[in-house]
Amino acid sequence: MSGLRRRDFITFAGGAVAWPLAARAQQPMKVRRLGVLLYSTPQAESQVERVRSGLRELGYVEGRNLVMSYAYAEGKPERLPDLAAALVREGPDLLVALGGDVAPDAAKATSTIPIVFVSSADPVQLGLAASLARPAGNATGVTLLQDDLASKRLELLKEAVPRVSRVAFLWNPDHPDNELREARRAAQSFDVRLELVEMRGSGDLENALRAVMQAGCDGLYVVSSRHTALNTANIVDFALKNRIPLAGGWGAWARAGGLLSYGPNVNDMYRHAIDYMDKILKGAKPADLPIQQPTKFELIINAKAGKMIGIDVPPILLARADEVIE
């Protein structure tokens, strides 16, 4: 089944949405067209509704002055180049790429249509921008990276579970970020051994989780990406069943049943991205909009999940958490 659902977005949007000619016939205002490239599906990605509601608050109303067209890979990254090209052929005013796993394909598909991305990877390493301060090309947006996050997550995991000594580092080597470098540095100081476990494509999950068990790991660090996020439920379920404390990149991991998460306030970062969408639709150039980095970080601890795997999180750590799930 093809991952391109440019027409199916009509029912997803919750009502009959016409393409530009019909919309112009009903409304004199200019209709803006957004092409949205997704790793999974509109229904599976909660951020899609966040974007739609954020744009609505700024006056962009679907069926009136906004049309959103979706192309999605259903978790199969090999589909992304063709899907990005198909969106570009539709001639949108703006491409929205949700995820570092999809943003490069959007950038390769066009050098002229403006792109706003939200990425957990490094935009410079991905080739999306010349630098964070001066993107220089047709793409800008937000990155969820900060250099010290990986070391802080390992520190928090060790503080929550002092016995942890061998941590599986679940990652996608094709996802450019700084987490492995920083985690390696931190692991030495915390007397933790990292076991690198690769999870590149849609069929790698089972082998990756098997490798975690074979390595005898007593902790699990998950590098967030669209691919790992799509498999959140399966990864968390594995950790709970095998009584392995899991540390993730932001709130979704802890709320799904991981022991803890530490990372940026994702809602705040999406507000920055939506603001950029608005600015570009009003005439701003991506090259003039610096890529935003996170400034707000949250520690979320799932004490209930901890008890399920035999861990009582120290009260002093619970007191520092922004959110504790009991």
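The second largest cavity in this predicted model has a volume of about 50 Å³. Its walls come from V236, A239, L240, I244, P245, L246, G257, G258, L259, A305 and I309. Sort those residues by class and you get nine nonpolar, two polar and no charged. If you're wondering which element gives the most to this lining, look at α10, with three residues.

While you're at α10, follow it to its packing partner. Helix α10 covers residues 232-241 and helix α8 covers residues 205-214, and their axes come within 11 Å and cross at roughly 20 degrees. An angle under 35 degrees counts as roughly parallel, so α8 and α10 are roughly parallel to each other. The crossing of these two helices is right-handed. On the α8 side, pick out L205, L209, V212 and M213; they meet N234, I235 and F238 of α10. The residues of this contact divide into six nonpolar, one polar and no charged.

Now back to the enclosed spaces. Rolling a probe the size of a water molecule over the atoms shows where empty space is left. How many cavities of 30 Å³ or more does the structure hold? There are three, and the largest cavity has a volume of about 80 Å³. Fourteen residues line the largest cavity, and L144, L145, L149, R153 and E179 lie nearest its centre. The class split for this lining is five nonpolar, five polar and four charged residues. Two helices, α6 (149-160) and α7 (179-189), each supply at least two residues of the lining, and α6 gives the most, with three residues.

Those two helices also pack against each other. The axes of α6 and α7 are 7 Å apart, and the helices pack at an angle of about 45 degrees. That makes α6 oblique to α7. As with the other helix pair, handedness is worth a look: α6 passes α7 in a right-handed crossing. From α6, the contact uses A150, S151, R153 and L154, while α7 brings E179, E182, A183, A186 and A187. By class, the contact of α6 with α7 has five nonpolar, one polar and three charged residues. You may recognise a couple of names here: R153 and E179 are in this contact, and both are among the residues nearest the centre of the largest cavity.

From the cavities, turn to the pockets. The largest pocket holds about 580 Å³ of space. It is lined by 31 residues, and to find the middle of it you can head for S46, Q47, R226, W250 and A252, which lie nearest its centre. Which elements each supply at least two residues of the lining? They are α3 (46-57), β4 (115-119), α9 (226-230), α11 (251-256) and α12 (266-281). The largest share comes from α11, with four residues. As for chemistry, the lining divides into twelve nonpolar, 13 polar and six charged residues.

Last stop: the second largest pocket, with a volume of about 200 Å³. Of the 14 residues that line this pocket, the closest to its centre are Y39, P77, D101, N172 and D174. By class, its lining has six nonpolar, four polar and four charged residues.

Notes:
Residues are numbered from 1 along each chain as its sequence is written. This is a predicted model: local features need pLDDT of at least 70, side-chain atom pairs count only at pLDDT 80 or more; totals for chains, interfaces and linings use all residues. Side-chain values use heavy atoms; hydrogens and water are left out. Axes are lines fitted to C-alpha atoms, for helices over the stretch in contact, and angles run from 0 to 180 degrees between N-to-C directions. Angles under 35 degrees count as roughly parallel, over 145 as roughly antiparallel, 65 to 115 as roughly perpendicular and the rest as oblique. A crossing is left-handed if the near helix is turned anticlockwise from the far one by less than a right angle, and right-handed if clockwise. Contact means heavy atoms within 4.5 Å. Ala, Val, Leu, Ile, Met, Phe, Trp, Tyr, Cys and Pro count as nonpolar, Asp, Glu, Lys and Arg as charged, and the others, Gly among them, as polar. On a 1 Å grid over the protein atoms alone, a cavity is a set of points where a 1.4 Å probe fits but cannot get out, and a pocket is an open set with protein on both sides within 12 Å along at least five of seven lines; lining residues have an atom within 4 Å of a point. Grid points are joined across faces, edges and corners, and a volume is the space filled by probe spheres set on the points.
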